[in-house]
Amino acid sequence: MHLLRFVLKYERGLARIDQIVRQGAVLRSDYPCQCAACLSHAIIALHDLWANACRSIVLTSAEGRCITRGGRRLDRPEMLDPRESAIGYLRKHWTRAGKLMPRTWEPEWYIPNVAIRAATLLNVGNLSEITDGLGATVSAEPLRVTRNVVAHSLPSTWLRLRRLQEQLGISELSRPEVFVLLRSEHGAGTQFLYLWSYDLKNALMAAIR
């Protein structure tokens, strides 16, 4: 299996998200609630795309018999029992106390350091690439902060969004669906949703090189 397939899947997901955003833009003037719903869906979809891509790259690398973007074939780590799945191994070894995690548990793949820790525990053959690639993104955290307001809308999530927007030089608190279409670099750059999506793609490409 070629690891590039997971980045291509991410790109196809981005194309669908772009369609959703464009549909929302058409509805903005006459149907603001429907527009907000489209953009909220786009935020959650991008977050899920990123998480699924990180998960697939790490677990597939651990299973072995896959190929990196540069053509290197990865072997299954010797410490991983042939009869055991990579996610099963993580559930057994995630805690330092040796506590077995529940059958439905999985790492928070959307957090780069967590995905890197999973790759480290699994001793994947492309650990340095995954570490450098996923560790280089600056967009996973702002996307997560924004997504959490859409998904939970709690005072604590709004506070984190306010802090994020202040760091970006945004003076007034903007709702997530408005914020993601604001432009970076004080209005002269790329819209945040697309800026994040491009940065995350670059991280994935570096992780599979």
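**Contacts, burial and core in a predicted model**

Me: Which residues does Y194 touch, not counting residues up to four places away in sequence?
Reply: The model is a predicted one. Y194 is found in helix 10. When residues up to four places away in sequence are set aside, the residues that Y194 touches are D18 and V21.

Me: At what distance does the side chain of Y194 make a polar contact with the side chain of D18?
Reply: D18 is among the residues that Y194 touches. The two side chains also make a polar contact, for which the cut-off is 3.5 Å. The distance in this pair is 2.6 Å.

Me: Is Y194 buried or exposed?
Reply: A residue counts as buried when its relative accessible area is under 20%. The relative accessible area of Y194 is 17%, so this residue is classed as buried.

Me: What distance separates the C-alpha atoms of Y194 and A119?
Reply: Y194 belongs to helix 10. Along the chain, Y194 and A119 are 75 residues apart. Their C-alpha atoms are separated by 27 Å.

Me: With which residue does the side chain of D18 meet in a salt bridge?
Reply: Side chains of opposite charge can pair when their charged atoms come close. For D18 the N to O distance in the salt bridge is 2.8 Å. The partner is four residues away in helix 1, so about one helical turn lies between the two. That partner, exposed at 57% relative accessibility, is R22.

Me: How many residues apart in sequence are the parts that E11 and K201 tie together?
Reply: The side chains of E11 and K201 meet in a salt bridge with an N to O distance of 2.5 Å. E11 is partly exposed at 28% relative accessibility, and K201 is partly exposed at 26%. Because E11 lies in helix 1 (residues 4-27) and K201 in helix 10 (residues 192-207), the pair ties together parts whose separation in sequence is 190 residues.

Me: With which residue does R72 form a salt bridge?
Reply: R72 lies in the loop between strand 1 (66-67) and strand 2 (73-74), and its partner is 57 residues away in helix 5 (residues 127-135). R72 is partly exposed at 35% relative accessibility, whereas the partner is buried at 13%. The closest N and O atoms are 3.1 Å apart, and the partner is E129.

Me: How many salt bridges does the structure hold?
Reply: The pairs described above include E11 with K201 and R72 with E129. For the whole structure, the number of salt bridges is eleven.

Me: Which helix gives the most to the largest nonpolar core?
Reply: The largest nonpolar core has 64 residues, and I17, L90, W109, L122, L134 and L204 are those with the most contacts inside it. Several helices each supply at least two residues of this core, among them helix 3 (86-93), helix 4 (112-122) and helix 7 (155-167). The helix that gives the most, with 16 residues, is helix 2.

Me: What distance lies between the end C-alpha atoms of helix 6?
Reply: The expected span of a helix is 1.5 Å times one less than its number of residues. Helix 6 has twelve residues, so it should span 16 Å. The model agrees with this expectation, since the distance between the end C-alpha atoms is 16 Å.

Me: Which residues of helix 6 are buried?
Reply: What covers the buried residues of helix 6 includes helix 2, helix 4, helix 7, helix 8 (176-179) and helix 10. The buried residues themselves are A140, P142, L143, V145, T146, N148 and V149.

Me: Which cysteine sulfur is nearest to that of C35?
Reply: A disulfide requires sulfur atoms within 2.5 Å, and by this rule the count comes to zero. C35 is buried, with a relative accessible area of 5%. Its nearest cysteine sulfur is 6.8 Å away and belongs to C38.

Me: How far away is the cysteine sulfur nearest to that of C66?
Reply: C66 counts as buried at 0% relative accessibility. C66 is in no disulfide. The nearest cysteine sulfur is that of C54, at a distance of 15 Å.

Notes:
Residues numbered from 1 in each chain as written. Predicted model: local features only at pLDDT ≥ 70, side-chain atom pairs only at ≥ 80, totals over all residues. Heavy atoms only, no water. Salt bridge = Lys/Arg side-chain N within 4 Å of Asp/Glu carboxyl O. Buried < 20%, exposed > 50% of the residue type's maximum accessible area, 1.4 Å probe, protein only. Core = buried A, V, L, I, M, F, W, Y, C linked by side-chain atoms within 4.5 Å. Contact = heavy atoms within 4.5 Å. Polar contact = N/O pair within 3.5 Å; in protein donor to acceptor, adjacent residues only side chain to side chain.
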